[in-house]
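Visitor: I'm new to this one, and I'd like a close look at a single part. Could you take me through the aromatic rings and the strands around them?

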Amino acid sequence: MRPDRWRSFAVAVGFALCAAPAAGQEIKAGGQVTFGDDADFGIGPRAQVTVPGVGSAIWLAGSFDYFFPDSGLRESDGDYDYRELNVNVLGDIPIARITNLIPYIGGGANVAWKSVPSDGDDETPERLYGLNLVAGFRFPLVGFTPFVELRYELEGWAWKPRCVRAALLA
């Protein structure tokens, strides 16, 4: 990513983090670990915020993952880089009398960047766009919320399982 794009991304994240939350709006942030089908293992930050005016059962979740692909994904000699930015709207599915297990579903958008060296020196960057379907479980505890989720992504004209993700949010 060029330096000007990094600066733009940093400014956007800064504004999002510094914006004053609406009354009653819940904000959670933390780290996540992702296991993907194409890019193996990834780590990154995640933030979730309740959607104002809708209630606490609807969340807007944003995440960024930096993946560490294994050598089997290299199309040529050199490093293979893969990064993802996801923004999803998630809705809780309430279950009567169960408060420590909250299933949720949702969907959203995905932007991925992959770079594969073309001749060992130059990288050929590629930007990919997709749509997400997400399903998971949150386990609310005092002070933090672990969760696990499965994300499907529209690739071509078929939905394919993309990754399994686990995280802790505080």
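Guide: Here is a walk through the ring cluster and the strands that go with it. Keep in mind that this is a predicted model.

Let's start with the rings. There are four aromatic pairs in the count. One of them is Tyr-66 with Phe-68: their ring centres sit 5.2 Å apart and their planes meet at 70°, and since anything over 60 degrees goes down as edge-to-face, that's what this pair is. Zoom out a little, and ring pairs tie Phe-35, Phe-41, Tyr-66 and Phe-68 together as a cluster.

So are these two rings buried or exposed? Neither, as it turns out: buried needs under 20% and exposed needs over 50%. Tyr-66 has a relative accessibility of 30%, so it lands in the partly exposed class. Phe-68 is partly exposed as well, because its relative accessible area is 41%.

Now for the strands. Strand E1 covers residues 27–36 and strand E2 covers residues 40–50, and the two pair antiparallel over 10 bridges. On the E2 side, Ile-43 is the residue that faces Val-33. E2 also pairs with strand E3, residues 58–68, again in the antiparallel sense, with eight bridges between them. Here Ile-43 turns up once more: its bridge partner in E3 is Tyr-66. That brings us back to the rings, as Tyr-66 is one of the cluster's members.

Conventions:
Residues are numbered from 1 along each chain as its sequence is written. This is a predicted model: local features need pLDDT of at least 70, side-chain atom pairs count only at pLDDT 80 or more; totals for chains, interfaces and linings use all residues. Side-chain values use heavy atoms; hydrogens and water are left out. Rings of Phe, Tyr and Trp (its six-membered ring) pair if their centres lie within 6.5 Å; planes under 30 degrees apart count as stacked, over 60 as edge-to-face and the rest as tilted. Buried means under 20% relative accessible area, exposed over 50%, partly exposed in between (1.4 Å probe, protein chains only). Two strands pair if DSSP finds at least two bridges between them. Helices (H or I, at least four residues) and strands (E, at least two) are DSSP runs, numbered from the N terminus.
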